[in-house]
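Hi everyone, thanks for coming. Today I'd like to walk you through one protein model, piece by piece, so please have a look at it with me.

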Amino acid sequence: MQQTSIHPISLTFPSALRLGERDLLNFRQHNPELLIERSAEGQLNIHPPYSGTTLRLLSQVNNLLWNWNSAHKQGLIFDSSTAFRLPGGAIYSSGLAWLNVEKWHGLHPEDRKPFPRICPDVVLEMRARLDLFSDIPLKMHKWKAAGCRLAWLIDPYNKHAYVYRKDAPGIEVIADFSGVLNGGEVLPGFELPLKIF
């Protein structure tokens with residue numbers, strides 16, 4: 001049986017009915033199995049939950065990044081349950097995010113909750129089997145425009161990785177999963193072996 005791709009459910013509200021941050025937090029807490037985001041225009045995007053396979057892969061990446069971060073003590077790691085309020089008002093989460101610890105400490109305590117008002121330095125998005133791929137690159141560009149310094153999009157089903165760097169035009173496409181993604185100047189010395197995908 002052929003599987004079909006799934007678009008996120010998008011809900012658009014009149015401006016008077018748009019969910020504020022507290023309402024969005026409440027909605028997310030009552031639906032913890034779903035990935036719920038809000039665009040800068042107030043549109044809600046509701047994604048199906050990650051599969052066990054996707055969660056296992058994200059967990060492996062998290063472990064590698066945690067080991068690197070423990071040795072370097074330069075930042076904080078967030079999983080997909082954390083959503084960030086980006087400049088412009090969008091509230092997005094990613095499969096995995098990393099933020100320089102000095103930037104975190106520079107936030108006023110009130111700006112750390114309910115959605116940290118900052119863009120992570122690094123995000124990793126992973127395509128799930130049923131995701132419609134064309135939906136994801138747009139989000140990657142939004143991460144980059146918001147100030148993300150390094151964004152990785154991994155498609156384990158087509159064996160492609162896409163690298164977005166804040167200070168580099170275009171996208172680096174990697175079609176050979178025998179190599180690694182490296183953290184460059186953002187995560188110096190960190191390497192993510194693509195063979196795990």
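**A walk through the model**

Let's begin with Leu-181, which sits in strand β12, residues 180-182. Before we go on, please keep in mind that this is a predicted model.

Is Leu-181 buried or exposed? Its relative accessibility is 3%, and because buried means under 20%, Leu-181 counts as buried. And what does Leu-181 touch, if we skip residues up to four places away in sequence? The list is Trp-152, Ile-154, Ala-161, Val-163, Ile-174, Phe-190, Glu-191, Leu-192 and Leu-194. Take Leu-194 from that list: it is 13 residues from Leu-181 along the chain, and the C-alpha atoms of the two are separated by 7.0 Å.

Two of those names, Trp-152 and Phe-190, come back in my next topic, the cavity. The general idea is friendly enough: rolling a probe the size of a water molecule over the atoms shows where empty space is left. How many cavities of 30 Å³ or more does the structure hold? The count is one. The largest cavity has a volume of about 40 Å³. Its lining is made of Val-61, Leu-65, Leu-96, Ala-97, Trp-98, Val-122, Val-123, Leu-124, Trp-152 and Phe-190. The elements giving two or more residues to this lining are α2 (52-72), β7 (96-100) and β8. As for character, the lining has 10 nonpolar residues, no polar and no charged.

Leu-96 from that lining takes us to Ser-94, in the loop between β6 and β7. A polar atom of the Ser-94 side chain lies 2.8 Å from the backbone oxygen of Leu-96. At 2% relative accessibility, Ser-94 counts as buried. Setting aside neighbours within four places in sequence, Ser-94 is in contact with Tyr-50, Asp-79, Ser-80, Thr-82, Val-123, Leu-124, Glu-125 and Trp-143.

Let me follow one of those contacts, Thr-82. Thr-82 is found in the loop between β4 (75-79) and β5, and with 17% relative accessibility it counts as buried. Beyond residues up to four places away in sequence, Thr-82 touches Arg-28, Tyr-92, Ser-93, Ser-94 and Pro-116.

Arg-28 leads us on to a pocket. The second largest pocket is lined by 16 residues, and Arg-28, Pro-32, Leu-34, Ser-80 and Ser-81 lie nearest its centre. Its volume is about 290 Å³. Which elements give two or more residues to the lining? They are α1 (21-30) and β2, and α1 gives the most, with three residues. This lining divides into 10 nonpolar, four polar and two charged residues.

One more stop: Trp-143, another contact of Ser-94, belongs to helix α4, residues 135-145. The buried residues of α4 are Ile-136, Pro-137, Lys-139, Met-140, Trp-143 and Lys-144. Seen down the helix axis, these buried residues fall within an arc of 160°, so they line one face of α4. What do they pack against? The partners are β2 (35-38), β5 (83-85), β6 (91-93), β8 (122-126), β9 (150-155) and β10 (160-165). On the face of α4 turned away from the buried side, you'll find the exposed residues Leu-138 and Ala-145. After α4 comes Gly-147, with a positive phi near 120°.

That's my tour. Thanks for listening!

Note on methods: Residues numbered from 1 in each chain as written. Predicted model: local features only at pLDDT ≥ 70, side-chain atom pairs only at ≥ 80, totals over all residues. Heavy atoms only, no water. Buried < 20%, exposed > 50% of the residue type's maximum accessible area, 1.4 Å probe, protein only. Helix = DSSP H or I, 4+ residues; strand = E, 2+ residues; numbered from the N terminus. Arc of directions from axis to C-beta. Contact = heavy atoms within 4.5 Å. 1 Å grid on protein atoms, 1.4 Å probe; cavity = no way out; pocket = protein on both sides within 12 Å on 5 of 7 lines; lining within 4 Å. Points joined across faces, edges and corners; volume = space filled by probe spheres on them. Nonpolar A, V, L, I, M, F, W, Y, C, P; charged D, E, K, R; others polar. Polar contact = N/O pair within 3.5 Å; in protein donor to acceptor, adjacent residues only side chain to side chain.
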